[in-house]
Amino acid sequence: MSSRPTSRGAPVRPRTPGSPGARGLRTPARGPARSPGRPELEVRRPAGQAGGVPGQRVTATPRPAGDPRVRRAWTLLGLGVLAPGSAQLVAGNQGLGRIATRVWLGLLGVASLLVLLWLVHREIVLWLFTQPLLLRLLALVLFVLALAWPVLLLDAWRLGRPPTLPLTARRWTAGATALLAILSFLVPLAAGRRAWSAADLITGVFGDGQTSAAVDGRYNVLLLGGDAGADRVGLRPDSVTLASIDEKDGRTVLFSFPRNLQNIPFPPGTPAAKALPNGWSCGDECLLNAIYTWGAAHRELFPGVSDPGAEAMKQAVQGITGLPVNYYVLIDLKGFKSLIDAVGGIDIVASTRVPIGGGTSRIYGWIEPGRQHMDGFHALWYARSREGASDYARMQRQRCVMTAMVNQLDPTTLLRRFQKIAAAGKQVVKTDIPNGQLPAFLTLGEEAKGHKIESVQFLPPLIVPKHPDYTTIRQRVDAAITANEHGPATPVTVQPTTGAAGGSARPSTSASRGVTPGATPGATSGADADQGGAAPAVDVRQVCQAA
């Protein structure tokens, strides 16, 4: 606005509101000072709204997009997830925050130390996680964490002052808090239940028995598949297999024996050998699988053991093979059904059509040839069905079922179904392996998956079950172990002899096994068995897959 001149030539300044002489000019109401950089929004007050005249213009300043209240709420919630107690340490009860944060950091420190130990010496970690007391302590810590963590998360949400948040942010933070609280409860709870189940499994299956050292660099473990049916007197193992395991790399050879083997010697110098100087020989009643019941009835011959029947079977197999037997594992075949169901079933290639039923009952179903996914019911019938099959065919089917279980018990399956497996395992498995040996056997079991599991079956015509040649059996055992230790490129041969049902000394040691270059050691099966020749020890996985 320009100044207008007066009659005297002096400029006259324009009158402004509030200046002297500015009569009749109204001064506008002063609103709040406008912040630099913030746009003003002009809105008109609706008619009838309190606090102003209808239609009056009101200036409003919008809140910036990054609302500090929302950021604060999400930050506290994130702290509650990543480090329980840190939200309280920042904005709440600092005493509670200090305690929770220290506990959480202590747990992270222990976990980091375990990871480092696993990378350096995993057997130490395995030993820790096979101690029932430590597992129960871990379970209790996880149960406490399952209760405390959700409470701290809810308190972190409260510290974010949800009533002051915009409606959308309030809903999102409330939903996220509810989901995180549920997860922070369920995850530690599930881990704690698994730790407690592991402690129950170790306590129920494994004991504090005497440790047995490897002999000639190998552990020999007797695997028994038993059935104490209502029509039987005592328990009689239908499946008798000796697993010879290299203590360094887990290379394994399985030796399978028919249940109807007779004239079985016991190791010299044992009370059983003194009581039966001619061995287990009384005709068709004295079969290999009947030794378990006999041993249970003569506890005085097997002092200092919790299961004299299993000890009798260990000594009998030692007499047959010449190999000292370190431990046994007894699997209840009826309970085996629940164990297979617990792992979600097994995949098997059925070689022939196998009936469900038969014998004294009618056949009410069949297991067809080909690849099959079997639950516990069908897997048990596949392993045990007698109708139209010999004991030797059953031995091969049982071997395939056992191998399928070993192959499919991967870490993922164990973690996902651990509680069911542990509950079934307590009812199915019995062993004298002490829990102190579990880390070593777990490591060997993992390493064994990288090698072939070789299998040797002692079947006719290689042996005659009524009058077996135990010298030939021991030579075959010795040759198979030699080939297993030195790889398939090492050719060996055995010299069959006749007669001798007695004697139990092993013909050679690992340093000098008494074998000479020639053919490979082995089992007898198919055409080779019919011709009385020696077939090579076979990879049991390939046999079962090709069946």
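Helices here are DSSP runs of H or I with at least four residues, numbered from the N terminus. With that in hand, let's walk through this predicted model, beginning with helix 5, where valine 141 is found.

Valine 141 is partly exposed, at 34% relative accessible area. It belongs to a nonpolar surface patch of about 610 Å², alongside Ile99, Val103, Leu107, Trp127, Leu134 and Leu137. Two helices each put at least two residues into that patch: helix 3 (94-120) and helix 5 (132-159).

Stay with helix 5 for a moment and look at its charged side. Side chains of opposite charge can pair when their charged atoms come close. Arginine 136 does just that with aspartate 200, their closest N and O atoms sitting 2.9 Å apart. Aspartate 200 is in helix 6 (residues 167-205) and arginine 136 in helix 5, so this pair ties together parts that are 64 residues apart in sequence. Both partners are partly exposed, aspartate 200 at 24% relative accessibility and arginine 136 at 22%. This is one of 11 salt bridges in the structure.

Now hop over to lysine 314, which takes part in a couple of these pairings. Its partner within helix 9 (residues 308-321) is glutamate 311, 3 residues away, or about one turn of the helix; that salt bridge spans 3.6 Å, N to O. Glutamate 311 comes out at 18% relative accessible area and is therefore buried, the cut-off being under 20%. Lysine 314 is buried too, at 7%. Lysine 314 also meets aspartate 432 in a salt bridge of 2.9 Å, N to O. Aspartate 432 sits in the loop between strand 13 (429-431) and helix 15 (438-448), so its pairing with lysine 314 of helix 9 links parts 118 residues apart in sequence. Unlike that buried lysine, aspartate 432 is partly exposed, at 22%. Elsewhere, salt bridges with shared partners join Arg218, Asp246 and Glu485 into one network.

There's a covalent link to check as well. The structure holds 1 disulfide, between cysteine 282 and cysteine 286, with S to S at 1.4 Å. The link is right-handed, with 95° about the S-S bond. Its two ends sit in contrasting surroundings: cysteine 282 is partly exposed at 46% relative accessibility, while cysteine 286 is buried at 3%.

Finally, take a look at helix 10 (residues 333-342). Its buried residues include Leu333, Gly335, Phe336, Leu339, Ile340 and Ala342. They cover an arc of only 155° around the axis, so they end up on the same side of helix 10. Just past this helix, glycine 344 adopts a positive phi of about 90°.

Definitions and conventions
Residues numbered from 1 in each chain as written. Predicted model: local features only at pLDDT ≥ 70, side-chain atom pairs only at ≥ 80, totals over all residues. Heavy atoms only, no water. Buried < 20%, exposed > 50% of the residue type's maximum accessible area, 1.4 Å probe, protein only. Arc of directions from axis to C-beta. Patch = residues over 30% accessible without salt bridge, like charges linked within 9 Å, V, L, I, M, F, W, Y side chains within 5 Å. Areas by Shrake-Rupley, 256 points an atom, 1.4 Å probe, with all protein chains shown as cover. Salt bridge = Lys/Arg side-chain N within 4 Å of Asp/Glu carboxyl O. Disulfide = S-S within 2.5 Å.
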